[in-house]
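Trainee: Could you walk me through this one? I'd like to see how each label is earned.

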Amino acid sequence: NAQLEAMRGHAEAIEGSLQQLSDALLRAEERNADQAREIERLQAELRAQRARDPEYQHRQRREFFLALRRRLPVSALYEVQSDRLVIANDPVFIFGKGEIGAEGQERLEPVLTALADTVDQLPQEYPWRVRVEGHSDSRPLRNNPRFDTNWELSAARALSMLQLLVDRGLPEERLSAVGLADTQLRDRGDSKPAHRRNRRIELH
């Protein structure tokens with residue numbers, strides 16, 4: 001009887017856990033549906049805006065990165081261009097891994113603050129999005145216990161940066177991440193400085 005009672009309790013606990021998982025799955029599906037509807041709405045807004053003024057988006061992008069440049073001090077860690085923010089990988093990520101180290105997060109603090117402040121200044125009606133791109137150098141990975149290819153490493157680093165932006169308060173439905181490995185090299189040389197220049201994160 002004691003064993004049967006224990007088995008009944010165990011079965012009830014399993015049933016409760018299954019119900020919790022089912023509820024969590026339902027909530028996740030509802031969030032995904034809400035995000036899909038929000039993306040469709042933003043895309044419709046952007047199409048309408050482009051129809052009214054094809055140059056509007058380009059001007060907004062230039063103004064956004066110009067405002068970001070004004071907020072950031074000069075640093076070798078990053079480079080603010082007219083259409084993107086380029087961040088060096090080596091001072092930020094743990095060597096050979098996809099995670100941002102504690103020192104890397106500290107170095108990124110001015111960037112995160114300036115980015116969040118600049119996003120807050122965007123017009124309410126502008127359907128902005130930020131794409132996080134991970135880029136590697138052209139050398140194949142060797143003896144890396146976690147990643148077989150630069151595709152995997154660059155994607156993991158892009159996702160780590162995206163998560164940092166979400167933690168800072170940027171809405172995840174406005175963010176996307178992609179790993180591009182060595183398909184868009186900045187420097188085609190084979191020197192250490194060239195490889196270092198190619199290892200980067202870009203925010204578009």
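Trainee: Which residue follows helix 4, and what is the sign of its phi?

Mentor: G169 follows helix 4, and its phi is positive, near 115 degrees. Helices here are DSSP runs of H or I with at least four residues, strands are E runs of at least two, and both are numbered from the N terminus. Before we go on: this is a predicted model, where local features need pLDDT of at least 70 and side-chain atom pairs count only at pLDDT 80 or more, while totals for chains, interfaces and linings use all residues. Residues are numbered from 1 along each chain as its sequence is written, and side-chain values use heavy atoms, leaving out hydrogens and water.

Trainee: What is the overall order of elements in the protein?

Mentor: From the N terminus on they run α-α-β-β-α-β-α-β-α-β, with five helices and five strands.

Trainee: How do you know what span to expect for helix 4?

Mentor: Take 1.5 Å times one less than the number of residues. Helix 4 (residues 150-167) has 18 residues and reaches 26 Å from its first C-alpha to its last, close to the 26 Å expected.

Trainee: Which residues of helix 4 are buried, and what covers them?

Mentor: Among them are L153, A156, M161 and L165. Their cover includes helix 3 (102-120), strand 3 (130-135) and strand 4 (175-179).

Trainee: What makes L18 exposed?

Mentor: Buried means under 20% relative accessible area, exposed means over 50%, and partly exposed is in between (1.4 Å probe, protein chains only). L18 has 53%, so L18 is exposed. Q20 has 58%, so Q20 is exposed too. Both L18 and Q20 lie in helix 1.

Trainee: What kind of surface patch does L18 help to make?

Mentor: A nonpolar one of about 300 Å², made by I14, L18 and L21. Patch residues have over 30% relative accessible area and no salt bridge; nonpolar side chains (Val, Leu, Ile, Met, Phe, Trp, Tyr) are joined within 5 Å, and like charges within 9 Å. The areas come from the Shrake-Rupley method with a 1.4 Å probe, and for residues only the protein chains shown count as cover.

Trainee: Why is the pair of R168 and E109 called a salt bridge?

Mentor: The rule wants a side-chain nitrogen of Lys or Arg within 4 Å of a carboxyl oxygen of Asp or Glu. For R168 and E109 the closest N and O atoms are 2.7 Å apart, so the pair fits. This pair links distant parts of the chain: R168 is in the loop between helix 4 and strand 4, E109 is in helix 3, and they are 59 residues apart. At 30%, R168 is partly exposed, and so is E109 at 34%.

Trainee: Is D137, which pairs with R139, buried or exposed?

Mentor: D137 is at 6% relative accessibility, so D137 counts as buried. R139 has 40% and is therefore partly exposed. Their closest N and O atoms are 3.1 Å apart.

Trainee: Which residues are linked in a network of salt bridges?

Mentor: D83, R84, R200 and E202. Within it, D83 and R84 have their closest N and O atoms 3.1 Å apart.

Trainee: How does the radius of gyration of the protein sit against a compact globule?

Mentor: A compact globule of 204 residues would be near 17 Å, but the protein has 22 Å. That radius is taken over C-alpha atoms, and the globule rule is 2.2 Å times the number of residues to the power 0.38. Along its principal axes, the C-alpha trace spans about 75 × 50 × 30 Å.

Technical notes:
Contact = heavy atoms within 4.5 Å.
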